[in-house]
Structures are given as C-alpha cells and as structure tokens.
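Reader: I would like a close look at one part of this model, the sheet and what is packed against it, with the terms spelled out as you go.

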Amino acid sequence: MTDPASSLAHRRLVIVTGKGGTGKTAVSAALALGAAARGMRVLVAAVDPDARLPALLSLRPAPLAYQPALARENVWVCHIEPFEALADRLDDAVFAIDVG
C-alpha cells in the first residue's frame, strides 16, 4: 500500500473541502503538521472565521486574522474572506480592454 502522504509531499497547493462536520479542519491541521514535520513551510488558510485551526495547530491559540500568523515551526494560519480577497486582487490589477 502506498503512503497517502507521499502523493501530497510534492504539491504546492492542497485544498480540503466538504460539507459541514466532515472533518475538514482536522484533516487540514493533520496535513499541515505532517508537511511541517518533513521540513515544508505551510500556510493554512481558513474561510471559516470560527475555525478551530489555532487550537489544533498552536500552543498559544489566537483568533484567526487576514495576516498570516506563525502557529508553530513552519506552520502559519490565517483567515480569508473569499470576496474580500478577490476585491484586493482586482484593486491591484489593471485592465485594458480593446473594443476597437
């Protein structure tokens, strides 16, 4: 049997999704800790502001913020509001439309 972590070891982005109550937060924390233990730098970005990530990842949990915070060695956590993040990106972009 193949080690499940080996298929994720070389990924730059892993997205954990699912219905409420399915363990997304716990799986995300476990993946982050496993990757950090292998020396990878990890950012866990939650779209749920009430996520338990800080409690699962940090020795001194603090509320999630937009700015990533170091939770433990090689693991940072943050909260992202998807529409606000999109607006930030769009504000930074310059659009040129040629209709001629």
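Reader: Which strands does α2 lie across, and at about what angle does α2 run to β1?

Author: This is a predicted model, in which local features need pLDDT of at least 70 and side-chain atom pairs count only at pLDDT 80 or more, whereas totals for chains, interfaces and linings use all residues. Residues are numbered from 1 along each chain as its sequence is written, and side-chain values use heavy atoms, with hydrogens and water left out.

The protein has 4 helices and 3 strands, taken as DSSP runs numbered from the N terminus (helices H or I of at least four residues, strands E of at least two). From the N terminus on, these elements follow the order α-α-β-α-β-β-α.

To your question: α2 lies across β1, β2 and β3, and runs at about 170° to β1. Contact here means heavy atoms within 4.5 Å, and the angle, on a scale from 0 to 180 degrees, is taken between N-to-C directions of lines fitted to C-alpha atoms, for helices over the stretch in contact.

The 3 strands form an open sheet in the order β1-β3-β2, with mixed pairing, where two strands pair if DSSP finds at least two bridges between them. β1 and β2 (69-72) are the edge strands, each pairing on one side only, and neighbouring strands of the sheet are turned by 35° against each other on average, direction ignored. Strands of a sheet pair through backbone hydrogen bonds, either parallel or antiparallel. β1 and β3 (residues 75-79) pair in the parallel sense over 5 bridges; among the bridge partners, V42 is matched with V75 of β3, and A45 with C78 of β3.

The side chains of β1 alternate along the strand: V42, V44 and A46 point to one face and are buried, while L43 and A45 point to the other face and are not buried. Buried means under 20% relative accessible area, exposed over 50%, and partly exposed in between, for a 1.4 Å probe and protein chains only. Buried residues make up 21% of the 100 residues in the protein.

The loop between β2 and β3 holds N74, which is buried, with a relative accessible area of 19%. Residues up to four places away in sequence aside, N74 touches A36, G39, M40, R41 and V42; of these, V42 is the β1 residue whose bridge partner in β3 is V75.

Both α2 and β1 also take part in the largest pocket. A pocket is an open set of points, on a 1 Å grid over the protein atoms alone, where a 1.4 Å probe fits, with protein on both sides within 12 Å along at least five of seven lines; lining residues have an atom within 4 Å of a point. The largest pocket is lined by 37 residues, of which V14, V16, S28, L43 and V44 lie nearest its centre. The elements that give two or more residues to this lining are α1 (4-8), α2 (24-37) and β1 (42-46), and α2 gives the most, with 8 residues.

Outside these elements, T17 has its place in the loop between α1 and α2 and is exposed, with a relative accessible area of 65%. T17 and V27 are 10 residues apart in sequence and 9.9 Å apart in space, C-alpha to C-alpha.
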